[in-house]
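This report describes how the copies of a chain meet one another, and how one of those chains is built. Please keep the sequence and the coordinates open while reading.

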There are 4 protein chains.
Amino acid sequence: MKLTKEQQLDILDQQSQQNTTKRVTSPELEKVLYEALPVLDHGFIRVVDYMGDDSSIVQAARVSYGKGTKKVSTDAGLIKYLMRHRHSTPFEMCEIKYHVKLPIFIARQWIRHRTANVNEYSARYSILDKEFYLPEKEHLAAQSSTNRQGRGQVINGKQADDILKILKDDAQRNYENYEKLLNEKFDGSVIDEDKDGLARELARMNLTLNTYTQWYWKTDLLNLLNFLSLRADSHAQYEIRAYADIMLDTVKRWVPITYEAFMDYRVGGIELSAKSKQVIQKMIKGEKCKYEDSGLSKREWNELMSSFGFTENLQ
Amino acid sequence: MKLTKEQQLDILDQQSQQNTTKRVTSPELEKVLYEALPVLDHGFIRVVDYMGDDSSIVQAARVSYGKGTKKVSTDAGLIKYLMRHRHSTPFEMCEIKYHVKLPIFIARQWIRHRTANVNEYSARYSILDKEFYLPEKEHLAAQSSTNRQGRGQVINGKQADDILKILKDDAQRNYENYEKLLNEKFDGSVIDEDKDGLARELARMNLTLNTYTQWYWKTDLLNLLNFLSLRADSHAQYEIRAYADIMLDTVKRWVPITYEAFMDYRVGGIELSAKSKQVIQKMIKGEKCKYEDSGLSKREWNELMSSFGFTENLQ
Amino acid sequence: MKLTKEQQLDILDQQSQQNTTKRVTSPELEKVLYEALPVLDHGFIRVVDYMGDDSSIVQAARVSYGKGTKKVSTDAGLIKYLMRHRHSTPFEMCEIKYHVKLPIFIARQWIRHRTANVNEYSARYSILDKEFYLPEKEHLAAQSSTNRQGRGQVINGKQADDILKILKDDAQRNYENYEKLLNEKFDGSVIDEDKDGLARELARMNLTLNTYTQWYWKTDLLNLLNFLSLRADSHAQYEIRAYADIMLDTVKRWVPITYEAFMDYRVGGIELSAKSKQVIQKMIKGEKCKYEDSGLSKREWNELMSSFGFTENLQ
Amino acid sequence: MKLTKEQQLDILDQQSQQNTTKRVTSPELEKVLYEALPVLDHGFIRVVDYMGDDSSIVQAARVSYGKGTKKVSTDAGLIKYLMRHRHSTPFEMCEIKYHVKLPIFIARQWIRHRTANVNEYSARYSILDKEFYLPEKEHLAAQSSTNRQGRGQVINGKQADDILKILKDDAQRNYENYEKLLNEKFDGSVIDEDKDGLARELARMNLTLNTYTQWYWKTDLLNLLNFLSLRADSHAQYEIRAYADIMLDTVKRWVPITYEAFMDYRVGGIELSAKSKQVIQKMIKGEKCKYEDSGLSKREWNELMSSFGFTENLQ
């Protein structure tokens, strides 16, 4: 991540603000406000605004005239109760806004979460930065043989070098050809004064999907947690998980009580189907419990045993 | 609107907060933060939180690293441009939260705007306040004879008195019977110690639709403006317009540049159909323009002429 | 539920349609199409249109050129997999539309599900039917002493009679006064030719919350299942559950494979928090497991033990 | 657009369905159901399902027990009225589902319309087709000098040839390198049996933004019309307009009355701000009306004069 001098000054300027407000504030989140937290090789996450804190959830759940907080312990009890019983609307009462720089192929995954507000940098209007994502070697993995949408073992040695060379060369050449099409360099300088450049909305089609874009992304806490429960999960693609992990840290700073309930009930929790529950009931009672009688598919059975750590039962 | 001593203290407690923040603030809106602004006979609107200001719209439209503001005049130009061309997403980057007390039949209209977050006071869980809406005499109007969903002339004299008596007596008696069903008074005192009360979720069905309820309602600026353009409009029912007018004032305090653009392009503006545009074009050229040749229905023709003030052309 | 002669003919007219289509159809659902399935004392549910069937989910998940179906067993496997892993978007590819008649206090709960399309009968424009909900005696329950938003034991004898009398008398009188305010009977006859009626948008405020309203309600299968998992649940208020149960039957007719997966993974399933999972793991291993060491609140512990049927462990 | 033999058979199989239904049907839309309507060089639009027709809008607006239709002329009047007054909810009662093949950079614009259901072909799971968009020469335009997000004059001659060569070569080489990374050809054949392929979720990042993707996209009529009013507009990028134009044809087949109202009130209509309205009022009265006194910006003035065809007044 390279910020220009001007960008750094813009950020410092924001961070130096000292405004007075009657609104609730989140002191730990204020500490990192506006800061460009690095992700991947050229990306970042910046928290640029927020509304509410843990007490706002309590306040809305009670439709109260005052602050949400009675006692911290009471509030924590209520927040846990709401999380456990999926009483979701009070969590919508907190809002957060991020400025994110990310590769286009990740932006395409991200945007599938529809309940958010988005303003993306327009490549019809402006020229995209000359930055593209190249994975660290340790993240160059083969297609998984068991999971059709996952990664298997890491690729090493010459093959890894070859892969990185292809990715780098293609992205670079395509960007340079993008400049040629535009008849304009990324820094704004014109290449050939006697020529028109191709319209930006067309030239962009020559770029590769690892080119970085950026956007403002705003959502409420409930939908942020839904996003994180999917994207900070081990089944998510590593590159989006890298963003989700940083965002999870900002949630911890912002609404620490909610964060803890989320980790307990969502991230660390599991769902059992009716049939799986019967299997577990039998196991607790010490009854014999075999895959063949469970009514589960082999895949389900193995997922269930793995999630409880009974790997000796795998089929 | 009667606030209890405790409610007043809760509000004062919030208003006395003096927090420091790096976020942008809206000084004019801060002045009325948490205040219960009266609406109708027992209702109110309170702004309880907000995120962003005019500069946030500019900042998101530019996907900028710093504050939105370059110069106020440039920002105003951009906001007007966005409003005129319905580039709507930057207006979603501001968020506001209201605490509203309102009659149930108005709450039912209001909730039809789906893109908002809501926590309503639960009558399954709690007892509703003993307050119901009775219109001022000047708002007691007859059914309109021309508009099937509007009001006509004001009803006066004895008929008005009779109407108000019915509304008052029925609401009051039904509330008292609600208490009887609950076996509990609105102040929490039990009526008959030897009896169980009917479940709250059932007893509430005896209440009238002018009973007051309350909720926390949070939305972004774009959807708030959509709400206001429908509900602060002369075709809206008076009772919801009373709320919309107060909210319009809070918008003016919060985002004054956006407010001005909204008044010019939405509230004061009109839409012309293709056929209506042709009529106007002819009129400007001084050509004869008759209803019969316009291709408009009589209703459309009259709406068009009225909106331009050419009432001599009405059919 | 009383349908007028005209309404019955309208429904018969729709049911007699025999159109040819290249779209997929759901034969079992076609059998009850348009039929007014009774709910509560005067309500009903009518399926008035639908789009897609089980094969549409498979088709969209595969982004296929042809029908979804390869083999029923393969399709069922995929649908179960999608349900288990909360791959939710393919379930959005089916859509259904209901015509519902329901008491207003239930409509107010129902409308809180925002991701649906709604057209409600307008009481600004028309006069509401003279019908209000009165519970069966067996559903007259006291406020629960353990669950602040639930029902406890049934109320019997004279108290039950008194309750029903209040509900009936108040609803009836308020409706008759509504007619008086309107100066018009429910059948359209004018009461006093020399008077204007109060505007409908005002008169309606005199009605009680058990008055019936009706609406068209359209949603996709995913959001319908979310609705049903909350409203066909034992914690839901009986009166909305009565609707949800009928709708669940229509889902079974419409998309039988999805229905089965839904019953197994959602309705019959449970969620375990991280801490609860540890308790279960210990119990399976035969380790001593006491409430005091579990890290769960008493309420959580009891919910967990109850859900597995180990009531001897309740605290 | 090249469909494989198998895809063609799948489509024919769907088209040969002859199902009986009690639902309303749209005979003109049935005629093109499932057909791959070509767009751009390799894209297409297929209508794969729909729900409702013009009568469904009327039916929902009236919350009726029977079919919407009374008389076609009455229905048309109501639909026009609803469109004119932006009574939008009845238009949500019709639903349509498309299968679309489109270049990724257009998919990124399209997905910004959030109120739709989407299932996209997964490049984590499968290999993308070897197809990329190359513009027709007549659509190779220079960046506009007046509109920062539009196109200016067409680029001809050698420069056009050079542009197309770059676009073609880069897309082709990047696709071939994508195959190399995957160690697998687009037809599924393995390149080097001794090597693992890079995970699909990573390899895809090497593709260019003009590579074709495909998705199922389902939305209601209201949101479809909103999409079309933005994307079938002359300010939209040509490549998305090409899709919108074909979709507009399907709307005409599906709901002809709504289509006509849409063309009159939305597509052919304009919005006037309060200030612009005053200008027009003066012009009709024959009063002198100069830009300097209008209160409009030069840009607004020119937009206004252009939209009425008074180009002699341009500043």
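Is C:G43 buried or exposed, judged by its C-beta neighbours inside 10 Å? In this predicted model, C:G43 has 24 C-beta neighbours inside 10 Å, and because the threshold for a buried residue is 20 or more, C:G43 counts as buried. The residue belongs to strand β3 of chain C, which covers residues 43-51. Its C-alpha atom is separated by 9.4 Å from that of C:F132, although the two positions lie 89 residues apart in terms of separation along the chain.

**Confidence and overall build**

The model carries an ipTM of 0.95 and a pTM of 0.96. For chain A the mean pLDDT is 94, with 99% of the residues reaching 70 or more. The secondary structure of chain A amounts to 13 helices and nine strands, and its C-alpha trace spans about 85 × 55 × 30 Å along the principal axes. Of the 315 residues in chain A, 44% are buried. When contacts in chain A between residues at least 6 apart in sequence are considered, 64% of them join residues at least 24 apart.

Chain A is divided into three parts: domain 1 (5-129 + 210-267), domain 2 (137-206) and domain 3 (274-313). The centres of domain 1 and domain 2 of chain A, taken over C-alpha atoms, are separated by 30 Å. Between these two domains of chain A, nine residues of domain 1 are in contact with nine residues of domain 2, and the domain 1 side of that contact comprises five nonpolar, two polar and two charged residues.

**The contact between chains A and B**

On this side, 43 residues of chain A are in contact with 42 residues of chain B. The elements of chain A that contribute two or more residues to it are α1 (5-15), β1 (19-21), β3 (43-51), α3 (54-61), β4 (95-103), β5 (117-120) and β8 (212-220). Among these, α1(A) gives the most, with six residues.

Strand β1(A) pairs with strand β1 of chain B (residues 19-21) in the antiparallel sense, over three bridges. Within this pairing, A:T21 stands opposite B:N19 in β1(B).

Any two copies of a chain are related by a rotation about an axis and a shift along it. Here, a rotation of 180 degrees with 0.0 Å of shift along its axis superposes chain A on chain B, with an RMSD of 0.0 Å. That is the relation of a two-fold axis. Of the residues of chain A, A:T20 comes closest to this rotation axis, its C-alpha lying at 2.4 Å. Because 98% of the interface residues of chain A are also interface residues in chain B, the copies meet through the same surface.

**The contact between chains A and C**

This second contact takes 18 residues from chain A and 18 residues from chain C. On the chain A side, α10 (256-267), β9 (270-272) and α11 (274-284) each supply at least two residues, and α11(A) gives the most, with seven residues.

Here too a pair of strands joins the chains: β9(A) runs antiparallel to strand β9 of chain C (residues 270-272), and three bridges link the two. The bridge partner of A:I270 in β9(C) is C:L272. Chain A is superposed on chain C by a rotation of 180 degrees with 0.0 Å of shift along its axis, again with an RMSD of 0.0 Å. As 100% of the interface residues of chain A are also interface residues in chain C, the copies meet through the same surface.

**Composition of the two sides of chain A**

The table sets out the residue classes that chain A presents to each of the other two chains.

| Side of chain A | Nonpolar | Polar | Charged |
|---|---|---|---|
| touching chain B | 14 residues | 16 residues | 13 residues |
| touching chain C | eight residues | six residues | four residues |

Technical notes. Residues are numbered from 1 along each chain as its sequence is written. Chains are lettered from A and ligands numbered from 1 in the order in which they are written. This is a predicted model: local features need pLDDT of at least 70, side-chain atom pairs count only at pLDDT 80 or more; totals for chains, interfaces and linings use all residues. Two residues are in contact if their C-beta atoms, placed from the backbone, lie within 7 Å. Helices (H or I, at least four residues) and strands (E, at least two) are DSSP runs, numbered from the N terminus. Ala, Val, Leu, Ile, Met, Phe, Trp, Tyr, Cys and Pro count as nonpolar, Asp, Glu, Lys and Arg as charged, and the others, Gly among them, as polar. Two strands pair if DSSP finds at least two bridges between them. Copies are superposed by least squares on the C-alpha atoms of residues with pLDDT of at least 70 in both. A residue is buried if 20 or more other C-beta atoms lie within 10 Å of its own, exposed if 12 or fewer, and partly exposed in between; C-beta atoms are placed from the backbone. pLDDT is the predictor's confidence in each residue, from 0 to 100. Domain bounds come from an automatic or database domain assignment.
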